[in-house]
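Colleague: I'm new to this one and would like a close look at a single spot, with some help seeing how it fits into the rest. Could you take it slowly?

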Amino acid sequence: MPKNKKRNAPHRGGGGGGGGSGAATSAATAGGPHRTVQPFSDEDASIETMSHCSGYSDPSSFAEDGYSVGFYSVGPEVLDEEGTQEDLEYKLKGLIDLTLDKSAKTRQAALEGVKNALSSKVLYEFVLERRMTLTDSIERCLKKGKSDEQRAAAALASVLCVQLGPGFESEEILKTLGPILKKIIGDGTASIQARQTCATCFGVCCFIATDDITELYSTLECLEAIFTKSYLKEKDANVICSSPNTGLYISSLLAWTLLLTICPISEVKKKLELHFHKLPSLLSCDDVNMRIAAGESLALLFELARGMDSDFFYEDMESLTQMLRALATDGNKHRAKVDKRKQRSVFRDVLRAVEERDFPTETVKFGPERMYIDSWVKKHTYDTFKEVLGSGMQYHLQTNEFLRNVFELGPPVMLDAATLKTMKISRFERHLYNSAAFKARTKARSKCRDKRADVGEFF
């Protein structure tokens, strides 16, 4: 960059509402070519933030982890105990400004940075004040952006609704973004990855925000129209071959299953009658993730059906259990060992659910608390929000009132500073622990190698 542009560039800390025009004037008086900042779209030229947000971005300064844009970085070092709330909010404000930048790469990284910060902290008041700005940014990125930018925007929308919980604010977000998400999901020319993320986002946002039964049914139909395309047709062979759309079918099926858990009994009965005899065909798909998604969805449907009628009878029980047992003991050599191990583990549980009405209780620990996952409905809900929040799931289970209500955990447990300190392990202690574990593994491997060498020499 020429020196005259560097010297006259607006200061990163601000520059007021007329930052863009000031920068252009300075460049002109310094002898450089007149350079105007292009807004994200023509109709947005009146937005004041557009005049100075481009001064923050420098595509060459993107970090490998994708969380930093220019001097704004939201990573572990910001979110630990050393970083203050003010520092985090200051950096987030800068990232929110950058979601309107003219560079697609900058917008995408800014969206990811905000999403990662909101996944790791509960910032209800901060988000509440800026929900309209964030919704506006997400809407533009979904409409104007390409694949990766649309994925980042949809992922942020999910976390935004998790932060706000049910209520008027989330309803407004869903009303604004719902039609756009629905359009992308059904758009055959859009990126498969973008459609996949939008399907998950649509399901999660509707689960949190919708209070309108017609909106819920409309979302179910939208997702249903996608994953039913993967059903085995009568003219097809016995095995469903995976396609580039398989990931989209899986996301749509899982989002549909999530919404089914909050439907009225009358609607659940209709869906069971419609899908109970078609869903098992997905168990023959050659994609392991589709087989697992179909198996877990079937287990959940059986749980819902038996919850409504304890004497529920499934006509094709014998053929279904045979198929489930085959998948639970699958030893086909043409399949990867990791896939077989994962599949066998899941389908052992699914078979128990279908045959014995049993669920293997799982325990989730977060801070001083424990949560017992004792049903397929609870497991599916937990898995969905774990996918949305990632490593921040445990923190949100401790502090997010919406999630605590969903999992019936009661109000957040208040802990004093001394208790929190005893629960945390310092970085140095963690480093020592990992080093000791690494040395122990290395020593064990060395002994094992020595034994093999001795046996080889003996023979």
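Where does cysteine 241 lie?

Modeller: Happy to, but keep in mind that this is a predicted model. Cysteine 241 sits in the loop that runs between α11 (213-227) and α12. With a relative accessible area of 60%, cysteine 241 is over the 50% cut-off, so cysteine 241 counts as exposed. Now look for aspartate 286: the chain takes 45 residues to get from cysteine 241 to aspartate 286, yet their C-alpha atoms are 5.6 Å apart.

To place that loop, step back to the whole chain for a moment. There are 459 residues, and 44% of them count as buried. They are arranged with 21 helices and 4 strands. Of the contacts with a separation of 6 or more, 67% join residues 24 or more positions apart.

From the loop of cysteine 241, you can follow the chain into α12, and that leads us to a pocket. The second largest pocket holds about 1000 Å³ of space. It is lined by 39 residues, and Gln196, Thr200, Ser251, Glu387 and Val388 come closest to its centre. Helix α12 (246-260) is one of the elements that give two or more residues to this lining, along with α6 (104-120), α8 (147-164), α10 (192-209), α14, α16 (337-356) and α17. The biggest contribution comes from α17, with 7 residues. Sorted by class, the lining has 17 nonpolar, 12 polar and 10 charged residues.

Two of those pocket helices also take us to the inside of the protein. The largest nonpolar core has 111 residues, and Leu142, Met371, Phe385 and Leu397 have the most contacts inside it. Helix α14 (residues 288-308) supplies the largest share of this core, 12 residues. That fits a general habit: in soluble globular proteins, nonpolar side chains tend to be buried together.

The other helix is α17, where you'll find phenylalanine 385. The structure has 11 aromatic pairs. One of them joins phenylalanine 385 and phenylalanine 402 edge-to-face, with 5.8 Å between the centres and 70 degrees between the planes. This pair bridges distant parts of the chain, from α17 (residues 376-389) to α19 (residues 401-406), with the partners 17 residues apart. Both rings are hidden away: phenylalanine 385 is buried at 0% relative accessibility, and phenylalanine 402 is buried with 10%. As for Leu397, its contacts beyond four places in sequence are Val364, Phe366, Met371, Tyr382, Arg404, Phe407 and Leu409.

Helix α8, another of the pocket-lining elements, carries glutamine 150. Glutamine 150 has a relative accessible area of 10%, under the 20% limit, so glutamine 150 is buried. Past its neighbours in sequence, it touches Cys141, Leu142, Gly145, Ile184 and Ala194, and Leu142 is a core residue from the list above.

Let's finish back in the loops. Arginine 357 is in the loop between α16 and β3 (362-366), and it is partly exposed at 49% relative accessibility. Glutamate 408 belongs to the loop between α19 and α20 (417-423), and it is exposed with 72%. Their backbones deserve a glance too. Most residues other than glycine have a negative phi. Arginine 357, though, has a positive phi near 60 degrees, and glutamate 408 has a positive phi near 55 degrees.

Key:
Residues numbered from 1 in each chain as written. Predicted model: local features only at pLDDT ≥ 70, side-chain atom pairs only at ≥ 80, totals over all residues. Heavy atoms only, no water. Core = buried A, V, L, I, M, F, W, Y, C linked by side-chain atoms within 4.5 Å. Buried < 20%, exposed > 50% of the residue type's maximum accessible area, 1.4 Å probe, protein only. Contact = heavy atoms within 4.5 Å. Phe/Tyr/Trp six-rings, centres within 6.5 Å; stacked < 30°, edge-to-face > 60°. 1 Å grid on protein atoms, 1.4 Å probe; cavity = no way out; pocket = protein on both sides within 12 Å on 5 of 7 lines; lining within 4 Å. Points joined across faces, edges and corners; volume = space filled by probe spheres on them. Nonpolar A, V, L, I, M, F, W, Y, C, P; charged D, E, K, R; others polar.
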